[in-house]
Amino acid sequence: MKGNQLTGKRIPSLATLAMTGALLCTFGQAEAKTVNVEMTAVETEVVIDGKGTKFKAWTFNGQFPGPVVRVTEGDTVHFTLINLPTNSRPHSMDFHSAETNFLDNYSEVNPGETKEFDWVAKRPGVFAYHCGAFPMIQHIARGMFGAVIVDPKDASSMPKADREYVLVQSELFTKDPDDVQGMFDEKYDHVVFNGGVFKYDPVHATQGGDFLQAKPGERVRFYFVNIGPNRFSALHPIAEIWDDVWPTGTPANRMQSVQTQVVGPADGAILDMIVDEENIIPIVTHSLTDALRGAIALLEVKKDAEELPLMPFVTPSAATTPSVATQKSHH
Ligand SMILES: [Cu+2]
């Protein structure tokens with residue numbers, strides 16, 4: 001699948017091999033590399049529904065959610081966070097995929113300043129990232145979050161997917177984005193996948209909404225992150241059953257025949273579904289007050305399904321060109 005994210009090259013040059021030193025690679029496994037990921041904190045308006053409703057967001061790269069970071073187990077990520085001088089607040093980055101010194105690396109970056117740090121993608125799975133600047137509940141509620149996919153070094157540790165989507169669930173507080181007490185009191189207006197109210201549900205959306213698509217028989221893989229800030233997700237495919245679920249996306253965690261997967265705030269899961277015949281499968285958080293506030297995605301299964309990006313219908317980052325060119329292999 002081609003997405004609005006960039007995937008690092010799998011084959012490093014000899015120079016990279018020499019530089020990273022690493023590499024106890026066996027045949028058929030991806031080789032470790034260094035990947036540069038740069039993000040810019042951008043306080044900007046984003047559109048949250050098909051009617052064009054604007055939301056005063058805080059974002060990474062102007063994108064809501066932020067760009068998908070995709071690396072392979074063993075890779076080193078060299079991360080740069082730029083806080084624009086025009087921004088009003090400090091921002092920061094917390095990668096749940098990293099095990100690192102958070103006091104040094106996850107500290108706040110003031111407007112006009114830049115921070116760089118490295119982390120190693122030691123564990124495969126799907127992880128949240130988010131801004132952790134004070135008050136964190138507000139920085140998450142206003143949109144500073146996204147997903148990291150760490151593909152397993154040994155690709156055979158999971159069945160091969162025919163099609164892949166990333167869904168990030170979050171709550172939207174649209175009445176007053178500076179009402180932090182309202183965020184503590186859970187006075188959210190919407191719950192959304194990938195930043196849009198019924199973004200993938202043209203039935204419930206009063207305007208807009210686009211189906212996710214798949215072909216009959218395809219193994220469709222969902223990389224799911226729930227960033228909250230407060231609500232648990234109960235992810236359920238109506239009239240289907242998840243064939244395989246990997247909590248946190250860890251290959252060793254394989255569960256089979258799961259009706260509803262609970263994913264708490266700032267957790268993730270990889271969920272696979274194979275739909276045998278043409279159908280429309282609603283994917284919902286079965287916490288129904290949240291589903292009916294916007295967290296329903298319709299997977300249209302049809303023989304002539306189109307290819308779609310990893311995170312469909314999310315406006316790519318404005319901070320970089322082309323596409324989301326924030327992620328580059330180092331070689
Ligand atoms: Cu922030």
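# Exercises on strands, loops and backbone angles

β12 and β20 form a parallel pair held over three bridges. Strands count as paired if DSSP finds at least two bridges between them, while helices (H or I, at least four residues) and strands (E, at least two) are DSSP runs, numbered from the N terminus. The model you are looking at is predicted: local features need pLDDT of at least 70, side-chain atom pairs count only at pLDDT 80 or more, and totals for chains, interfaces and linings use all residues. Residues are numbered from 1 along each chain as its sequence is written.

## Exercise 1: the surroundings of β20

Work out which strands pair with β20, and whether β20 is enclosed or open.

Step 1. Start with β12, the parallel partner; here A214 stands opposite V301 of β20.

Step 2. Move on to β19 (residues 279-285), which runs antiparallel to β20 and is joined to it by six bridges. In this pair, I283 faces A297 of β20.

Step 3. Now check burial. A residue is buried if 20 or more other C-beta atoms lie within 10 Å of its own, exposed if 12 or fewer, and partly exposed in between, with C-beta atoms placed from the backbone. Five of the six residues of β20 are buried, so the rest of the structure largely encloses this strand. For the whole protein chain of 331 residues, 49% count as buried.

## Exercise 2: a six-stranded sheet

Find the strand order of the open sheet and say which strands stand at its edges.

Step 1. Trace the six strands: the order is β11-β10-β13-β18-β15-β16, with mixed pairing.

Step 2. Look at the ends. β11 (190-193) and β16 (255-258) each have a single partner strand, so one side of each has no neighbour in the sheet.

Step 3. Add the geometry: from one strand to the next, the twist averages 25°. Axes are lines fitted to C-alpha atoms, for helices over the stretch in contact, and angles run from 0 to 180 degrees between N-to-C directions.

Step 4. Zoom in on one edge. β15 (residues 242-247) pairs with β16 in the antiparallel sense over three bridges, and W242 has V258 in β16 as its bridge partner.

## Exercise 3: unusual backbone angles

Locate two cis peptide bonds and two non-glycine residues with positive phi.

Step 1. Recall the background: most residues other than glycine have a negative phi, and most peptide bonds are trans.

Step 2. Take the cis bonds. The bond from F64 to P65 has omega near 0°, and P65 lies in the loop between β3 (54-60) and β4 (69-72). The bond from G228 to P229 is also cis, with omega near 20°; P229 sits in the loop between β13 (219-228) and β14 (233-237).

Step 3. Take the positive phi values. E186 has a phi of about 60° in the loop between α4 (180-184) and β11, and N194 has one of about 50° in the loop between β11 and β12 (212-214).

Step 4. Is each one buried or exposed? E186 is exposed, with 11 C-beta neighbours inside 10 Å, whereas N194 is buried, with 21 other C-beta atoms within 10 Å.

## Exercise 4: the contacts of F313

Place F313 in the chain and list what it touches.

Step 1. F313 belongs to the loop between β20 (296-301) and β21 (327-330).

Step 2. Two residues are in contact if their C-beta atoms, placed from the backbone, lie within 7 Å. Leaving out residues up to four places away in sequence, F313 touches K199 and D210.
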